[in-house]
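Colleague: I should like to learn how the features of this structure are read. Please begin with the general idea each time and then turn to the case at hand.

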Amino acid sequence: MDTKALLKAAEAQSVWVRDSLRTLVQHESPSEDRTSVIAAATFVEHLAEPLGGPVKWHRQKKYGDLLEIHFGQVRSSRKPVILLGHLDTVWPLGMLKKMPWREENGRYWGPGVLDMKAGIIMALAAVKALQTNHLLRPVTLLLNSDEEVGSPVSRQITERLAKNAAAVFVLEPAQGLAYKTARKGVGFYNVQVTGVGAHSGVDFERGHSAVLELAKLVQTISNFTKLERKLTVNCGVFAGGTRSNVIAENAHAEVDVRIARASDAAYIDKLFRSLKVSDPHCALTITGGINRPPMERKAGTIALFKQARRLAAELGFPLEEAATGGGSDGNFTAALGIPTLDGMGAVGEGAHAAHESVLIEHLAPRTALLAAMIASVD
Ligand SMILES: [Zn+2]
């Protein structure tokens, strides 16, 4: 395989990449706004038309419809490579006014540009580069609409496609300059305490404070953290009560859990389910659980990374490997045992932040690397 020819083909598309990315960023697409996410997906469908084979829409009720696009021969003895992307962003409609698309200091700026609209455009450019070089193999691009809210509807579809895949490449941004070979699993728990409300002056002894009880529970829950096994528990929201002169009837905490080992899912869940109140007049309700299993650093993923590092060297740049505490749709496919490599999208800074931007100089080389990886998987 001529990796330099792939690089040339990627570089030749730089104007197309910029113009397509600008329009895609200008299609604001918060997870919660079904219509906007579908409009962004429809734009990608048009971009893919000259490149692609059959397109399949997965209709949804609450979130945007999912778009599945096939490239390369549909009837082939080679299993497809799945390219995983999401079109939804964390940015509400109207954010473009505050952080408009711009090209400055060698970067493209705008809401969702890094996470992960650039990755999606890179995927299309990689397919085009493969076509130009007669290297295209079966590829399925799946664009989800609900990743930023935990992939409640897309998870099943992602898992079904992955089961028959040669490999899964996730178009999330790189970690610095590195591809990601491990991600923590993510969980969420809601801890709800119901006490007995009362007037704090007139009826103090009748009251049973939900706030006090929750405060004790939060201490217990925070001690679930085990840094040595990379298990962390964070009570990020703590709320309760109504006024200072009322003994609080209700209080709740929202807890984020991160696990590095698959076996810790059952372990941590058991700890949450065994929580008890110390005041028998208070009631405790626990909801939630582990939402994404961890993407553990397994042999299939390591082999993909080594291949990527070889190809990057041919293309003229070093490639590092990283682990992250954040989850992605790659967590689901890796947990099924499908070789999964993540962070194959753009290089930049500020995902979910006001300075979200991608570095232009890395777009073409990373697109070429993505293309070379697609071609090289058996
Ligand atoms: Zn993302």
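Modeller: Donors are N, O and S atoms within 2.8 Å of the metal (3.2 Å for Na, K and Ca), and water is not among the atoms, so sites may look incomplete. This is a predicted model, in which local features need pLDDT of at least 70 and side-chain atom pairs count only at pLDDT 80 or more, while totals for chains, interfaces and linings use all residues. Residues are numbered from 1 along each chain as its sequence is written, and side-chain values use heavy atoms, with hydrogens and water left out.

Colleague: What spacing do the donors of the zinc ion follow along the chain?

Modeller: The spacing is H-x28-D-x56-E. The protein donors are H86 (NE2), D115 (OD) and E172, listed twice through OE, and they lie 1.9 to 2.6 Å from the zinc ion. H86 belongs to strand 3 (residues 81–86) and D115 to helix 5 (residues 113–132), so that this pair links distant parts of the chain, 29 residues apart; helices (H or I, at least four residues) and strands (E, at least two) are DSSP runs, numbered from the N terminus. Both H86 and D115 are buried, meaning under 20% relative accessible area, where exposed is over 50% and partly exposed is in between (1.4 Å probe, protein chains only).

Colleague: How is a pair of aromatic rings described?

Modeller: A pair is described by the distance of the centres and the angle of the planes. Rings of Phe, Tyr and Trp (its six-membered ring) pair if their centres lie within 6.5 Å; planes under 30 degrees apart count as stacked, over 60 as edge-to-face and the rest as tilted. The whole structure holds 3 aromatic pairs. In one of them, the centres of Y189 and F272 are 3.8 Å apart and the planes are at 5°, so the pair is stacked. Because Y189 is in strand 9 (residues 185–194) and F272 in helix 8, this pair ties together parts 83 residues apart in sequence.

Colleague: Which aromatic pair do F224 and F272 form, stacked or edge-to-face?

Modeller: The pair is edge-to-face, with 5.3 Å from centre to centre and 75° between the planes. F224 is buried at 9% relative accessibility, and F272 is buried at 0%. Ring pairs thus link Y189, F224 and F272 into a cluster.

Colleague: Where does A265 lie?

Modeller: A265 lies in helix 8 (residues 264–273). A265 is partly exposed, with a relative accessible area of 22%.
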